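User: I have this model open on my screen and would like a close look at one part of it: how its strands are paired. Could you walk me through that, and then point out how the helices and the core fit in?

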Amino acid sequence: MNLLEIKNLEVHFTTDHGVVMAIDRINLSIEKGEIMGLVGESGCGKTTIGKSILRVLPEPSGKIVSGAVFFDERNLLDLSEKELHLKVRGRAITVIPQDPSTSFNPVFTIGSQFLDIIKYKVNSEPYDNKRNIKAPKRPTFLKSRARNKKIVEMLKSVQISTPEKQIRKYAHEFSGGQRQRIMIAMALAPKPALIIADEATTALDVTIEAQILVLLRNLTKEHHTSVLFITHDLAVANEICDRITVMYAGQIMESAPTESFFSSPCHPYTRGLLNSLPNPKGNIKTIKGEIPPLINPPKGCRFHPRCPRMLPICKEKLPEAIEITTDHFVRCFNHFAD
Ligand SMILES: Nc1ncnc2c1ncn2[C@@H]1O[C@H](COP(=O)(O)OP(=O)(O)O)[C@@H](O)[C@H]1O
Ligand code: SF4
Ligand SMILES: [Mg+2]
């Protein structure tokens, strides 16, 4: 069952140079408990999708031009700003950012930043649209001993040792890896239904990154939390995701369960991305050409100026997404057959 369903989303940014057509009629869904990888080169629109879900696009330049974002069957684009603030952001949907150092408040201890999240009793229940979506009129606070116990438990769950001592420390006293673990604990603290992780492990070195990916996968599976896992790195997506969606220049090109995605990638762009991954033979082939300007994007399939399999029709028409095998979708007039 789908938790999130993005339908025909179109997003523009108005700039001094013209209108950037950043997201072009995207459809994307995430099932309850699923980890969905959103992958593509820098500038293809991944962050814009995350921001559109929470309606935190920069104002006044960013605008959702059309489409819908159904979350638990309600269109988030129809909610009032107040409803979104009280019920969705930081509650039903939380975020793990790329750089946790800018997300912590430097003047408060880690413990007090947790308190902001868990002080209301309502936040200690798993998110449930029918029961918990309403913020209480007069919030009930957790008792102080219960709060501390909860914070310690959460820090333990992300493998922070001696958590009783750590809650009095400030963010700068932790390593980058520890800060990202604490961010994961904070994102899970209000028991959200969906976590948006935007390049959440990109800043970490490879060994720490691998540990954090395992931790994030185990914890979100344990809590049945869905994740929109945004990364530019297909190898990282392979480690953690149940399903992978590839974007290029604001359009979705291919989407498939991780296993079928890697065993039979069908879109020419996906093949290009896979060929450009480091491999034991060292024969890395980068995709020729450059990402197109989104102020005046190419007509038809936006990948056509770089595509080795381009047909005349590709310059004129945008291909429809077709299901080539169960749950494996590709948007291409001339995709690979296996
Ligand atoms: N605030 C903004 N103003 C103008 N253009 C923007 C803004 N934010 C993003 N864009 C443009 O939208 C496109 C998608 O950007 P983004 O979502 O950040 O990509 P990604 O996260 O995949 O790197 C890019 O062409 C980018 O230049
Ligand atoms: S639709 Fe055409 S240009 Fe686009 S990826 Fe497929 S073959 Fe290449
Ligand atoms: Mg980004």
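Analyst: Happy to. A good place to begin is the pair formed by strand E11 (residues 322-325) and strand E12 (residues 328-330), which are antiparallel and joined over 3 bridges. Please keep in mind that this is a predicted model. If you click on Thr 325, you will find its bridge partner in E12, His 328. The hairpin of E11 and E12 has 2 residues between the strands, and Asp 327 takes a positive phi near 70° there.

Now zoom out to the sheet that holds this hairpin. It is an open sheet of 8 strands, and following it across gives the order E6-E7-E8-E3-E9-E10-E12-E11. The pairing in this sheet is mixed. E11 is one of its edge strands and strand E6 (93-96) is the other, each pairing on one side only. On average, neighbouring strands are turned by 20° against each other, with direction ignored. At the E6 edge, E6 and strand E7 (residues 194-198) run parallel and are joined by 4 bridges. A handy landmark there is Val 95, whose bridge partner in E7 is Ile 196. As background, strands of a sheet pair through backbone hydrogen bonds, either parallel or antiparallel.

There is also an open sheet of 4 strands, ordered E2-E1-E4-E5, and its pairing is antiparallel. Strand E2 (18-31) and strand E5 (74-75) each have a single partner strand, so one side of each is left without a neighbour in the sheet. Strand E1 (residues 2-15) pairs with E2 in the antiparallel sense over 10 bridges, and a hairpin of 2 residues connects E1 to E2. You can trace this pairing with two landmarks: Thr 14 stands opposite Val 19 in E2, while Asn 2 stands opposite Glu 31 in E2. Helix H1 (residues 46-54) packs on this sheet, touching E1, E2 and strand E4 (62-71). The direction of H1 makes about 70° with that of E2. E1 also pairs with E4, again in the antiparallel sense, over 8 bridges. In that pairing, Val 11 has Ile 64 in E4 as its bridge partner.

On to the helices. Helix H3 (residues 110-118) and helix H5 (residues 144-157) pack with their axes 10 Å apart, at an angle of about 110°. Angles of 65 to 115 degrees count as roughly perpendicular, and H3 and H5 are therefore roughly perpendicular to each other. From H3, the residues in contact are Gly 111, Phe 114, Leu 115 and Ile 118, and they meet Arg 147, Lys 150, Ile 151 and Met 154 in H5. Sorted by class, this contact has 5 nonpolar, 1 polar and 2 charged residues.

Finally, the core. In soluble globular proteins, nonpolar side chains tend to be buried together. Here the largest nonpolar core has 77 residues, and Leu 228 and Phe 229 have the most contacts inside it. Helix H7 (residues 176-188) gives the most to this core, with 7 residues. Phe 229 is a nice one to select on screen: leaving out residues up to four places away in sequence, Phe 229 touches Ile 35, Met 36, Gly 37, Leu 38, Ala 197, Ala 237, Ile 240 and Cys 241.

Methods: Residues are numbered from 1 along each chain as its sequence is written. Chains are lettered from A and ligands numbered from 1 in the order in which they are written. This is a predicted model: local features need pLDDT of at least 70, side-chain atom pairs count only at pLDDT 80 or more; totals for chains, interfaces and linings use all residues. Axes are lines fitted to C-alpha atoms, for helices over the stretch in contact, and angles run from 0 to 180 degrees between N-to-C directions. Angles under 35 degrees count as roughly parallel, over 145 as roughly antiparallel, 65 to 115 as roughly perpendicular and the rest as oblique. Two residues are in contact if their C-beta atoms, placed from the backbone, lie within 7 Å. Ala, Val, Leu, Ile, Met, Phe, Trp, Tyr, Cys and Pro count as nonpolar, Asp, Glu, Lys and Arg as charged, and the others, Gly among them, as polar. A nonpolar core is a set of buried Ala, Val, Leu, Ile, Met, Phe, Trp, Tyr and Cys residues joined through C-beta atoms within 7 Å. A residue is buried if 20 or more other C-beta atoms lie within 10 Å of its own, exposed if 12 or fewer, and partly exposed in between; C-beta atoms are placed from the backbone. Two strands pair if DSSP finds at least two bridges between them.
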